[in-house]
Amino acid sequence: MITIGLTGGIGSGKSTVGAMLVQRGAVLVDADQLAREAVEPGTEGYERVVARFGPSVVQPGGVLDRAAIAAVVFNDEAALSDLNEIVHPAVGRLMLERVAEHAASDAVVVLDVPLLVETGGRERYGVSGVLVVDAPAALAVERLVRERAISLEDAERRIAAQATREERLRQADFVIVNTGTLDELAEMTRRAWEWVQTLSPGRH
């Protein structure tokens, strides 16, 4: 098994690259999906989030209102820190469980982790290499406003809350610069897949 850490700032196109790698045969483990699982009703994470943020973040059906939580934490560093303390350890455990399911195989497992750099993911998950999808902040902001209907101010705030481009690039073993067309991105992802094939299994 080869494990790859896939990361990139919000609006970089990281999720698109992840989907393209899956088309080439990779197994994708998505930290954002695991973060949702970590706070599903009935979990310890759910109870802790409700206790911290109150019933206003619970939708009528009982599930958490992620938009309401985001609106709070992106304007309150202490609240964001509290949320991370609840969610990140649970996501880390779930991710290691998912990786372990493929340990005896020859699979390429891609760990899609937006905060890979911020949380020491290279060491934590013992990945064989780190693939960074990079885009200038101005372009990322433009994509968020256009494609996700996020306000300009909110987009800039979210990008500022993440690691800088320079910090991510220092951790990179392979970089995809996503500033062109979808076809160009597909070609760069093909080259990244060729790079993956040269790697040795990581530490698990």
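## Ser12 and its surroundings

The side chain of S12 has a polar atom 2.8 Å from the backbone oxygen of G9. The model in which this distance is found is a predicted one. S12 sits in the loop that links β1 to α1.

Is S12 buried or exposed? Its relative accessibility is 3%, and buried means under 20%, so S12 counts as buried. Leaving aside residues up to four places away in sequence, S12 touches V133, A135, R143 and N178.

## Strand β1

The loop that holds S12 follows on from β1, a strand made up of residues 2–8. Of its 7 residues, 7 are buried, so the strand is largely enclosed by the rest of the structure. In a regular strand, side chains alternate between the two faces of the sheet. In β1, I2, I4, L6 and G8 point one way, while T3, G5 and T7 point the other way. Residues of both sets are buried.

Which strands pair with β1? One is β3 (residues 108–112), which runs parallel to β1 and is joined to it by 5 bridges. Here G5 stands opposite L111. The other is β4 (residues 129–134), also paired in the parallel sense, over 5 bridges. In that pairing T7 is opposite V132.

## Helix α7

R143, one of the residues that S12 touches, belongs to α7 and is buried there. L139, A140, V141 and L144 of α7 are buried as well. An α-helix has 3.6 residues a turn, so residues three or four places apart point the same way. The cover over the buried residues of α7 includes α8 (152–160). After α7 comes A149, which has a positive phi, near 55 degrees.

## The largest pocket

The largest pocket has a volume of about 1,500 Å³. Its lining consists of 49 residues, of which I10, D32, R66, F74 and P114 are the closest to its centre. Rolling a probe the size of a water molecule over the atoms shows where empty space is left.

Which helices each supply at least two residues of the lining? They are α1 (14–23), α2 (31–38), α4 (66–73), α5 (77–100), α6 (121–125), α7 (137–147) and α10 (182–196). Helix α7 thus appears both as a contributor to this lining and as the helix that holds R143. Sorted by class, the lining has 25 nonpolar, 14 polar and 10 charged residues.

Key:
Residues are numbered from 1 along each chain as its sequence is written. This is a predicted model: local features need pLDDT of at least 70, side-chain atom pairs count only at pLDDT 80 or more; totals for chains, interfaces and linings use all residues. Side-chain values use heavy atoms; hydrogens and water are left out. Buried means under 20% relative accessible area, exposed over 50%, partly exposed in between (1.4 Å probe, protein chains only). Helices (H or I, at least four residues) and strands (E, at least two) are DSSP runs, numbered from the N terminus. Two strands pair if DSSP finds at least two bridges between them. On a 1 Å grid over the protein atoms alone, a cavity is a set of points where a 1.4 Å probe fits but cannot get out, and a pocket is an open set with protein on both sides within 12 Å along at least five of seven lines; lining residues have an atom within 4 Å of a point. Grid points are joined across faces, edges and corners, and a volume is the space filled by probe spheres set on the points. Ala, Val, Leu, Ile, Met, Phe, Trp, Tyr, Cys and Pro count as nonpolar, Asp, Glu, Lys and Arg as charged, and the others, Gly among them, as polar. A polar contact is a pair of N or O atoms within 3.5 Å; within protein, one must be able to donate a hydrogen and the other to accept it, and residues adjacent in sequence count only if both atoms are side-chain atoms. Contact means heavy atoms within 4.5 Å.
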